Amino acid sequence: MNYILHLLIMIGIYMILSYGLNLVVGFGGLLSLCHAVFYGIGAYACTLLMMKCGLPFLPAILLTILITGICALIVGFPALRFRGDSFVIVTLGFQMIVFTVLYNWVDLTRGPYGIPGIPRPVIAGYEFTTLPEYLIIVWTFLILIAVVLFIIYKSPFGLALKALRDNEMAAEGLGKSPVHLFLYAFVISGMTASVAGGLYATYVTYIDPTSFTLDESIFLLTVLLVGGTGNRIGPFVGTVFMILLPEALRFLGMPDAVAANARQMIYGLTLILLMFFRPQGIAGKYMVR
Amino acid sequence: MEMLLQIEGIDASYGKRQILHEISMNLSRGEKVLLIGPNGAGKTTLLKTVIGLLPPGNGAVNYLGEDITGDSVRTRVRKGISYLLQTENIVPGLTVEENLALGGYFLSKQELEKRKNMVLDSMEFLKPKLKTRAGLMSGGERQGLALSMILMRNPKVLLLDEPSAGLAPKAAKEIIERLDKIQAAFQVETVCMVEHNLKLALKWATKIILLVQGRVVLVSDSPKSFIQQPEELEKYFFEQV
Ligand SMILES: Nc1ncnc2c1ncn2[C@@H]1O[C@H](COP(=O)(O)OP(=O)(O)OP(=O)(O)O)[C@@H](O)[C@H]1O
Ligand SMILES: [Mg+2]
């Protein structure tokens with residue numbers, strides 16, 4: 001039972017991440033390789049605000065969102081002036097820089113030792129510690145964020161993003177400013193990821209930089225590519241599939257050491273097969289357009 | 001006649017290559033201007049600088065007596081200038097309805113609905129296709145949609161870059177003949193159109209501007225006089241400037 005609750009919590013956290021990333025990748029059509037950075041900044045900012053500044057969870061998470069939004073703005077502006085391949089490269093560079101900072105700024109982040117003993121969220125005097133409690137808090141945030149994102153997906157802004165993705169010149173000729181709209185999408189996406197970061201940190205109560213590597217960014221992209229982008233169902237399908245797949249392997253009786261490697265190979269194989277048979281992703285046909 | 005749009009000594013370049021050389025022209029209220037010239041003359045480039053997709057190196061664009069040279073495309077669209085791109089002027093992945101909504105970006109829900117119905121009344125053929133993906137429509141329908149999209153924001157000035165491009169003669173005729181009706185129905189004050197089909201366009205226009213190698217070589221207020229011999233205009237096309 002605990003095992004299932006744990007999976008549901010992780011699915012919730014990853015759904016927040018993939019729904020946010022969907023705005024940039026699915027709607028904007030921009031391949032971002034630094035989503036894990038915002039996830040990481042969120043985790044560290046929330047942790048430090050709670051542990052060093054003594055802030056309660058809710059104010060800490062709100063400040064975290066703000067801080068991450070500013071970071072996204074600072075990176076997004078230069079990254080988005082040149083879209084296409086150079087955007088990918090700039091996000092890759094950012095991913096590498098932030099990882100290095102998290103790893104080496106020992107005074108602040110304790111570097112490779114990580115930060116243990118992160119307090120659990122306390123909201124209105126109630127501490128969320130057990131798995132069912134944690135499930136509730138994660139899914140509450142997920143629902144709040146999903147509602148906001150779904151409104152954005154359907155809004156004129158979401159439509160304009162799709163238009164820029166499909167035909168930038170036409171959209172620009174109608175008066176849509178690509179740099180501005182992409183920047184908003186990038187910032188919103190970064191902010192939602194930071195919430196996932198805060199939830200993750202207070203859930204596992206220990207963080208270190210290895211959770212927020214380039215591998216993680218690629219994994220998040222894979223989730224979207226597998227599930228299908230630019231709609232509401234894709235991120236859900238992708239997350240469930242990618243999180244449950246390794247667990248399924250375990251049930252097949254594979255020893256953990258073998259399963260870990262097999263998992264990477266199966267992820268890779270899944271991607272290749274998808275590109276052949278369903279380039280739009282598993283749920284890509286339910287385009288909410 | 002009241003001056004609506006004034007273009008003063010515009011130079012424009014792509015990178016190091018200068019395309020437009022000191023272009024000046026005026027669009028007054030009620031005028032229907034036909035912009036012609038050989039392929040590569042810079043007609044599209046000129047319209048792009050007017051709408052703000054390409055910043056001019058020199059010169060100014062004035063609209064209703066106000067300098068708009070530094071304005072973004074978005075601001076210009078809001079002020080009432082709309083531009084129909086020569087190619088790929090719709091978003092193929094979105095439905096017809098969504099494309100229209102895109103044209104009416106940031107209108108309130110009711111306004112959007114009102115405007116959409118107005119546009120659909122003059123583009124009847126789009127009505128049954130609202131839920132169709134725009135990319136699945138024929139060339140003629142796409143041009144009609146593209147024109148509808150730029151009408152969504154209540155423009156005063158229309159800049160049309162070959163609205164009949166790629167259309168069969170009959171469809172080309174229809175779209176150009178429809179322009180006057182549209183102009184009246186939507187209270188568009190002036191239209192500047194690039195068109196290679198001179199026979200059709202000369203009947204429509206009240207003024208011709210001839211562009212060759214990025215320079216204005218002829219301005220005439222009597223387009224009708226060329227209807228019998230459009231070759232007279234075309235011979236300029238091959239002139240060295
Ligand atoms: N994006 C661009 N980058 C570089 N050069 C360009 C670009 N667009 C156009 N040109 C060049 O600028 C010149 C003018 O092009 P423009 O598109 O304005 O011509 P046009 O008069 O509209 O021609 P057409 O009748 O074929 O549409 C051409 O020589 C063209 O090669
Ligand atoms: Mg042209």
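1. In this predicted model, B:Leu4 belongs to strand E1 of chain B, which covers residues 3–14. The residue has a relative accessible area of 1% and is therefore buried, the limit for that class being under 20%. Apart from residues up to four places away in sequence, B:Leu4 touches B:Leu27, B:Ser28, B:Arg29, B:Asn62, B:Tyr63, B:Leu64, B:Lys156, B:Val157, B:Glu189 and B:Thr190. For one of these partners, B:Leu27, the C-alpha atom lies 5.7 Å from that of B:Leu4, although 23 residues separate the two along the chain.

2. The setting of B:Leu4 may be read against chain B as a whole. Chain B contains eight helices and ten strands, and 54% of its 241 residues count as buried. Among the contacts in chain B with a separation of 6 or more, 68% are made by residues 24 or more positions apart.

3. As to overall dimensions, the C-alpha trace of chain B spans about 50 × 40 × 35 Å along its principal axes. The radius of gyration of chain B is 17 Å, which agrees with the value near 18 Å for a compact globule of 241 residues.

4. The magnesium ion (ligand 2) is coordinated by OG1 of B:Thr44 and OE1 of B:Gln86, at 1.9 to 2.1 Å. B:Thr44 is in helix H1 (residues 43–51) of chain B, whereas B:Gln86 is in the loop between strand E6 (81–84) and helix H3 (96–103), so the pair ties together parts that are 42 residues apart in sequence. B:Gln86 has a relative accessible area of 27% and is partly exposed.

5. In chain A, attention may turn to the packing of two helices. Helix H1 (residues 2–27) and helix H7 (residues 156–166) of chain A have axes 9 Å apart and pack at an angle of about 40 degrees; H1(A) and H7(A) are therefore oblique to each other. On the H1(A) side the contact involves A:Leu23, A:Gly26 and A:Phe27, which meet A:Gly158, A:Leu161, A:Lys162 and A:Arg165 of H7(A). By character, the residues of this contact comprise three nonpolar, two polar and two charged.

6. A charged residue of chain A also merits comment: is A:Glu216 buried or exposed? Its relative accessibility is 13%, so A:Glu216 counts as buried. A:Glu216 lies in helix H10 (residues 214–227) of chain A. When neighbours within four places in sequence are set aside, A:Glu216 is in contact with A:Tyr14, A:Ala36, A:Tyr39 and A:Ser211.

Definitions and conventions: Residues are numbered from 1 along each chain as its sequence is written. Chains are lettered from A and ligands numbered from 1 in the order in which they are written. This is a predicted model: local features need pLDDT of at least 70, side-chain atom pairs count only at pLDDT 80 or more; totals for chains, interfaces and linings use all residues. Side-chain values use heavy atoms; hydrogens and water are left out. Axes are lines fitted to C-alpha atoms, for helices over the stretch in contact, and angles run from 0 to 180 degrees between N-to-C directions. Helices (H or I, at least four residues) and strands (E, at least two) are DSSP runs, numbered from the N terminus. Angles under 35 degrees count as roughly parallel, over 145 as roughly antiparallel, 65 to 115 as roughly perpendicular and the rest as oblique. Contact means heavy atoms within 4.5 Å. Ala, Val, Leu, Ile, Met, Phe, Trp, Tyr, Cys and Pro count as nonpolar, Asp, Glu, Lys and Arg as charged, and the others, Gly among them, as polar. Donors are N, O and S atoms within 2.8 Å of the metal (3.2 Å for Na, K and Ca); water is not among the atoms, so sites may look incomplete. Buried means under 20% relative accessible area, exposed over 50%, partly exposed in between (1.4 Å probe, protein chains only). The radius of gyration is taken over C-alpha atoms; the globule rule is 2.2 Å times the number of residues to the power 0.38.
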